[in-house]
Amino acid sequence: MPLPDDFIFSQHNLQDYIDCPRRFQLRYLERIAWPAVQSEPILEQERHMQLGEQFHRLVQQHQLGLPIEALAEIAGGDKDLQTWWQAYLDYSPNDLPPQRKPEFTLTAPFASYRLLAKYDLLAVEPGKSVVIVDWKTNRKRTPASRLRERVQTRLYPFLMVLAGAQFNHGALWKPDQVEMIYWFTSEPENPQHFHYTEEQYRSDETLLREWINAIQRSADQPMLMTADLEHQCPLCNYRSFCERGQQAGTWENEVVDVEDAVPSVDFDFSQIEEIEF
């Protein structure tokens with residue numbers, strides 16, 4: 001199946017392609033809904049994902065100015081969520097730029113298609129800096145070396161430089177004005193900072209273009225399955241479809257972001273800010 005002209009590339013589908021081209025093809029091009037359980041125990045997995053969604057909503061509401069007292073009542077219904085919420089109040093990043101835009105989605109044309117990023121929080125000071133904050137509810141902190149290579153760490157700052165002029169009085173951001181922070185509920189006192197650079201921007205531009213071109217060339221033929229059977233296949237819901245095992249992996253083997261577990265393939269364009277070139 002050829003790549004549709006209106007296909008949108010996000011951190012989710014690009015990361016799927018990097019992890020396993022065949023999974024990308026099955027999920028986003030053929031849209032096969034294979035019902036295999038991603039990981040065990042399934043009830044605990046679902047609960048953790050729901051808590052992650054609730055935590056993101058709490059933070060969004062707090063960043064929009066809702067009083068802490070009202071939000072505390074919502075967080076108090078679950079012990080784990082209450083722990084995360086208190087950790088956020090105690091250890092959320094300090095000294096962020098003053099203008100806050102939570103849950104902001106940005107898209108722009110690139111390489112004949114479109115790139116999309118949904119930012120948990122943008123903290124902006126026009127003319128000086130923009131900080132991208134991403135709240136991670138993984139059970140384990142992702143190592144910095146792995147985070148650095150994740151699509152999200154490449155795509156989010158790149159798209160901000162490419163198309164974020166609306167946050168800078170119409171002027172393009174310089175790469176060294178952009179920073180990305182990952183904040184972890186598992187280690188709230190130790191966020192991971194990535195400062196963007198001109199060199200990184202050029203490297204990411206080249207790499208993103210190469211990925212998109214490779215996907216376009218191979219979209220209408222069977223894509224290769226991952227060679228990393230040990231880490232990728234046990235937590236993939238297509239493992240039985242590909243004849244790579246029936247048994248789901250466990251949460252102890254979790255190496256991906258919990259919010260990436262069931263990525264969306266559809267977008268509501270009424271909620272998207274777009275820059276046209």
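Helices (H or I, at least four residues) and strands (E, at least two) are DSSP runs, numbered from the N terminus. The model is a predicted one, in which local features need pLDDT of at least 70 and side-chain atom pairs count only at pLDDT 80 or more, whereas totals for chains, interfaces and linings use all residues. Residues are numbered from 1 along each chain as its sequence is written, and side-chain values use heavy atoms, with hydrogens and water left out.

**Exercise 1. Describe the overall make-up of the protein.**

Step 1: the protein contains eight helices and nine strands.

Step 2: buried means under 20% relative accessible area, exposed over 50%, and partly exposed in between, with a 1.4 Å probe and protein chains only; by this rule 51% of the 277 residues count as buried.

Step 3: with contact taken as heavy atoms within 4.5 Å, 71% of the contacts between residues at least 6 apart in sequence join residues at least 24 apart.

**Exercise 2. Identify the largest nonpolar core and the elements that build it.**

Step 1: a nonpolar core is a set of buried Ala, Val, Leu, Ile, Met, Phe, Trp, Tyr and Cys residues joined through side-chain atoms within 4.5 Å.

Step 2: the largest such core has 47 residues, and those with the most contacts inside it are Phe-9, Phe-24, Leu-115, Tyr-119, Leu-122, Leu-159 and Met-160.

Step 3: the elements giving two or more residues to this core include helix H1 (11-19), helix H2 (21-29), helix H7 (151-163) and helix H8 (198-218), and the largest share, nine residues, comes from H7.

Step 4: apart from this core lies another, of 19 residues, among them Leu-58, Tyr-88, Ala-123 and Trp-135.

**Exercise 3. Explain why H1 is largely enclosed by the rest of the structure.**

Step 1: eight of the nine residues of H1 are buried, so the helix is largely enclosed.

Step 2: the buried residues are Gln-11, His-12, Asn-13, Leu-14, Gln-15, Asp-16, Tyr-17 and Asp-19.

Step 3: their cover includes strand E1 (8-9), H2, E4, H7 and H8.

**Exercise 4. Set side by side the surroundings of Asp-95 and Ala-111, which have positive phi values.**

Step 1: Asp-95, although not a glycine, has a positive phi of about 60°, and Asp-95 is found in the loop between helix H5 (79-91) and strand E3 (99-110).

Step 2: Ala-111, likewise a residue other than glycine, has a phi near 55° and is found in the loop between E3 and strand E4 (113-125).

Step 3: Asp-95 is exposed, with a relative accessible area of 80%, whereas Ala-111 is buried, with a relative accessible area of 15%.
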